[in-house]
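Visitor: Before we begin, I would like each label to be tied to a value and a threshold. Could you take me through the model in that way?

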Amino acid sequence: AVEGDLRLVTEFTALLAVQQQGHDPRRTTPDSHQRRCRKAIADGRQLVATEAGERPVMVADVVDVDAETALLERVYVPLPFRSRKRLVAGALALAAASEPVAGRRLLFFADDEQVLAAAQLAEFQSVARYRQIVMIG
């Protein structure tokens with residue numbers, strides 16, 4: 001993500017918070033939410049995947065686990081795209097090849113069967129199942 005993606009990152013991460021926690025940080029803590037998003041972009045930890053360079057398909061954070069492993073977290077895929085397995089798989093493949101991941105193993109928690117199918121299509125491998133599905137790519 002680049003500074004010009006701030007509005008998109010702010011919106012998508014807020015929608016994820018609404019989905020997961022039932023509150024919108026743009027309304028409850030707008031300044032800190034904006035700062036957090038801006039810092040994630042500045043630190044190079046924020047990924048944005050788009051469909052043919054246009055419509056946003058996925059926003060996610062890359063977190064360093066160790067020298068060999070990164071974690072893809074706070075992943076948001078808009079509902080209309082969740083059923084488009086190839087599109088989401090492409091976004092996940094781009095994430096695995098992105099600069100913040102830099103050739104390391106990428107962990108990803110697939111939160112539903114549609115995203116699981118997309119991750120498998122992107123050649124992520126399922127290693128555990130408990131509430132969420134751990135995918136390694």
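Guide: Let us start with the terms for accessibility: a residue is called buried under 20% relative accessible area, exposed over 50%, and partly exposed in between. Please keep in mind that this is a predicted model.

Visitor: Why is alanine 102 called exposed?

Guide: Alanine 102 has a relative accessible area of 57%, and since exposed means over 50%, alanine 102 counts as exposed. This residue is found in the loop between H5 and S4, and its phi is near 50 degrees, a positive value in a residue other than glycine.

Visitor: What makes arginine 74 partly exposed?

Guide: The relative accessibility of arginine 74 is 31%, which falls between the limits of 20% and 50%, and therefore arginine 74 counts as partly exposed. Arginine 74 lies in strand S3, and it has a positive phi of about 50 degrees although it is not a glycine.

Visitor: Why does valine 18 count as partly exposed, and which residues is it in contact with?

Guide: Valine 18, which is found in helix H1 (residues 6-21), has a relative accessibility of 37%; because partly exposed covers the range between 20% and 50%, that is the label valine 18 receives. Leaving aside its neighbours within four places in sequence, valine 18 is in contact with His23 and Asp24. Valine 18 and alanine 96 are 26 Å apart in space, C-alpha to C-alpha, and 78 residues apart in sequence.

Visitor: How do you know that histidine 33 is buried?

Guide: Histidine 33 has 6% relative accessibility, and as buried means under 20%, histidine 33 counts as buried. It lies in helix H3 (residues 30-42), and, with neighbours within four places in sequence left aside, it is in contact with Thr10, Thr13, Ala14, Pro25 and Arg26.

Visitor: Why is H1 called oblique to H3?

Guide: H1 and H3 pack at an angle of about 120 degrees, with their axes 9 Å apart. Angles of 65 to 115 degrees count as roughly perpendicular and those over 145 as roughly antiparallel, so an angle of about 120 degrees makes H1 oblique to H3. The contact is made by Leu6, Val9, Thr10, Thr13 and Ala14 of H1 and by His33, Gln34, Cys37, Arg38 and Ile41 of H3, and the crossing of the two helices is right-handed.

Visitor: What span does H5 reach, and what span is expected of it?

Guide: Helix H5 (residues 85-97) has 13 residues and reaches 18 Å from its first C-alpha to its last, which is close to the 18 Å expected at 1.5 Å a residue. In H5, Leu87, Val88, Ala89, Ala91, Leu92 and Ala95 are buried, and what covers the buried residues of H5 includes strands S1 (46-51), S2 (55-66), S3 (69-76) and S4 (105-110), together with helices H4 (79-82) and H6 (113-121).

Visitor: Which residues of the largest nonpolar core touch the most other members?

Guide: Of the 27 residues in that core, Met58, Leu72, Val75, Leu92, Leu106, Phe108 and Phe124 touch the most other members. S1, S2, S3, H5, S4 and H6 each supply at least two residues of this core, and its largest share, six residues, comes from H5. Apart from it lies another core, of nine residues, among them Phe12, Cys37, Ile41 and Val59.

Technical notes: Residues numbered from 1 in each chain as written. Predicted model: local features only at pLDDT ≥ 70, side-chain atom pairs only at ≥ 80, totals over all residues. Heavy atoms only, no water. Helix = DSSP H or I, 4+ residues; strand = E, 2+ residues; numbered from the N terminus. Expected span 1.5 Å × (residues − 1). Buried < 20%, exposed > 50% of the residue type's maximum accessible area, 1.4 Å probe, protein only. Contact = heavy atoms within 4.5 Å. Core = buried A, V, L, I, M, F, W, Y, C linked by side-chain atoms within 4.5 Å. Axes fitted to C-alpha atoms, helices over the stretch in contact; angles between N-to-C directions. Parallel < 35°, antiparallel > 145°, perpendicular 65-115°, else oblique. Left-handed = near helix turned anticlockwise from the far one by under 90°.
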